[in-house]
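Me: I am in my first year and would like to take a close look at one part of this structure rather than skim the whole of it. Could you take me slowly through one buried region and what surrounds it?

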Amino acid sequence: MFDVEAVRRGFPALSRTVGDRPVAYLDGPGGTQVPATVIEAMTGPMRRGASNVHGRFAASIDSEQTVAAARQAMADLLGCRPDEVVFGPNMTTLTFAMSRAMGRTWTSGDNIVLTRLDHDANVSPWMLAARDAGVEVRFVGFDLETTQLDLAELSATVDDRTRLIAVTHASNALGTVVDVATVTEIGHRVGAVVFVDAVHAAPHRRIDVAGIGCDLLAVSPYKFFGPHAGCLFGRAELLAELPAYKVRPAPDEPPERWETGTASFEAMAGVAAAVDHLASLGAGGDRRSRLDDAFVRTARHEERLAARFLEGIASIDGVTCHGVPEPDMAVRTPTFAVEVAGVAPGRVAEVLGAEGIFVWAGDYYAVEVMRRLGKADDGLVRIGFVNYSTLGEVDRVVSALARIAGDAD
Ligand SMILES: Cc1ncc(COP(=O)(O)O)c(C=O)c1O
């Protein structure tokens with residue numbers, strides 16, 4: 001049983017109103033709200049006394065403990081070792097660091113493979129590194145009906161000069177879940193490094209880097225109830241071998257050699273609390289087991305939300321949803337890209353926003369997705385539910401869409 005009302009009580013922002021109406025935060029894919037436990041955890045280090053790490057006094061030792069706890073928490077969330085966890089300001093910055101380093105190992109005649117399902121943060125950094133190294137960029141598309149990545153095309157695209165496959169675990173626009181374990185197998189068959197963007201998947205599914213087998217995987221804690229931060233899993237040997245761009249006095253060992261400058265210890269404290277929040281949604285002996293159970297429970301709840309949403313919009317003339325048509329959380333997240341005939345996406349978001357329903361409109365940086373759907377100009381309206389969303393919120397957005405579509409007639 002998943003008690004959504006009990007979960008919601010932990011989030012101060014969920015009591016916000018617009019006029020006399022409660023806000024429905026349906027922009028989860030753009031960033032989630034934060035529970036009070038995370039807010040408290042973040043202010044803790046500042047209240048006690050802030051310091052950089054590697055000093056010889058108590059406040060510095062506190063910061064080191066904050067870092068260690070955050071690495072352990074992320075290791076529990078991703079299924080890896082704490083020394084395989086790198087922190088940064090956001091996923092995009094971490095991906096640029098990796099692309100610049102990996103690009104230095106590529107030579108003319110090599111190629112890299114990107115997908116049209118990806119957020120641009122997993123496209124542009126690699127394109128720029130490829131340009132600098134003079135290597136070929138190959139794109140793999142997705143099926144317009146199912147919005148699934150074309151794995152046959154991927155197999156046919158890689159060869160023994162493929163150095164990298166960069167792939168999303170789930171599309172932040174369409175919600176499509178990609179079988180990244182199979183993508184990794186395909187990549188490893190030809191000796192390519194596989195980089196997985198799990199930013200959109202992480203709030204919805206249990207991530208297991210060992211099970212996926214990938215070499216690198218990035219997430220953004222602000223998408224799973226944490227603060228603005230980025231986090232990268234890297235296979236230990238790869239983090240040790242790749243040439244990191246760093247200042248000379250900074251540690252040469254992974255993961256710290258990838259963490260340029262002074263970290264946000266406040267954010268790290270918040271990240272650990274966000275993982276604890278997720279774990280608190282499940283039952284079990286240790287944190288990893290509680291996380292296992294939590295994602296089973298939240299997926300069930302999200303599946304109910306998705307089913308109600310798809311059923312609701314199916315009967316509205318003029319509202320189209322792009323993406324996997326089934327509410328099956330094994331193959332999609334509860335994120336929906338919709339359009340209302342005759343009404344610009346920006347206008348739909350504005351009308352909804354005015355009545356307290358917060359959604360995004362545009363391309364949400366899923367540039368290639370929008371191009372492939374022929375929606376590059378205005379994009380689509382994105383409605384994204386997370387585990388604190390309610391059936392009441394689903395009903396509210398469905399009836400608002402029906403009204404907007406009716407008004408457009
Ligand atoms: C799927 C996906 N990848 C990457 C990013 C970029 O993450 P960050 O904002 O942490 O750089 C986003 C942000 O929206 C995203 O949704």
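Reply: Let us begin with two residues, bearing in mind that this is a predicted model: Trp126 and Phe195 are both buried. Their rings form an aromatic pair. A pair of aromatic rings is described by the distance of the centres and the angle of the planes. For Trp126 and Phe195 the centres are 5.1 Å apart and the planes stand at 70 degrees to each other, which makes the pair edge-to-face. Trp126 belongs to helix H5 (residues 124-133), while Phe195 belongs to strand E8 (residues 193-197), and with 69 residues separating the two in sequence, the pair links distant parts of the chain.

From Phe195 we can step sideways into the neighbouring strand, where Ala166 of E7 has Phe195 of E8 as its bridge partner. E7 and E8 run parallel and are joined by five bridges. To get from E7 to E8 the chain passes through helix H7 (residues 180-189), and this β-α-β crossover is right-handed. E7 also pairs with strand E5 (residues 111-115), again in parallel, over three bridges, and here Asn111 has Thr162 in E7 as its bridge partner. How many of the seven residues of strand E7 are buried? Six of them are, so strand E7 (residues 162-168) is largely enclosed by the rest of the structure.

The next thing to examine is the nonpolar core. In soluble globular proteins, nonpolar side chains tend to be buried together. In this model the largest nonpolar core has 73 residues, and those with the most contacts inside it are Met74, Leu78, Ile165, Val167, Leu217, Val219 and Phe224. Helix H10 (residues 265-279) gives the most to this core, contributing eight residues. Because domain 1 (4-33 + 287-404) and domain 2 (40-278) both give residues to the core, it lies between them.

For a second enclosed strand, turn to E12 (residues 335-340), where five of the six residues are buried, so this strand too is largely enclosed by the rest of the structure. Four bridges join E12 to strand E11 (residues 319-322), the two running antiparallel, and within this pairing Thr320 has Glu339 of E12 as its bridge partner. E12 also pairs with strand E15 (residues 380-384), in the antiparallel sense and over four bridges, with Ala337 standing opposite Arg382 in E15. Arg382 can be followed one step further, since it lies over the face of Tyr364, at 4.3 Å from the ring centre. A similar arrangement involves Arg372, which lies over the face of Phe142 at 5.4 Å from the ring centre.

Two further details complete this look. Phe11, Phe225 and Tyr388 form one aromatic cluster. Val359, found in the loop between strand E13 (357-358) and strand E14 (360-362), has a relative accessible area of 10%, and because anything under 20% counts as buried, Val359 is buried. Val359 and Phe224 are 135 residues apart in sequence, and their C-alpha atoms are 17 Å apart in space.

Terms used
Residues are numbered from 1 along each chain as its sequence is written. This is a predicted model: local features need pLDDT of at least 70, side-chain atom pairs count only at pLDDT 80 or more; totals for chains, interfaces and linings use all residues. Side-chain values use heavy atoms; hydrogens and water are left out. Rings of Phe, Tyr and Trp (its six-membered ring) pair if their centres lie within 6.5 Å; planes under 30 degrees apart count as stacked, over 60 as edge-to-face and the rest as tilted. Buried means under 20% relative accessible area, exposed over 50%, partly exposed in between (1.4 Å probe, protein chains only). A charge sits over a ring if NZ of Lys or CZ of Arg is within 6 Å of the ring centre and within 35 degrees of the ring normal. Two strands pair if DSSP finds at least two bridges between them. A crossover is right-handed if, with the strands pointing away from the viewer, the path from the first strand over the helix to the second runs clockwise. A nonpolar core is a set of buried Ala, Val, Leu, Ile, Met, Phe, Trp, Tyr and Cys residues joined through side-chain atoms within 4.5 Å. Domain bounds come from an automatic or database domain assignment.
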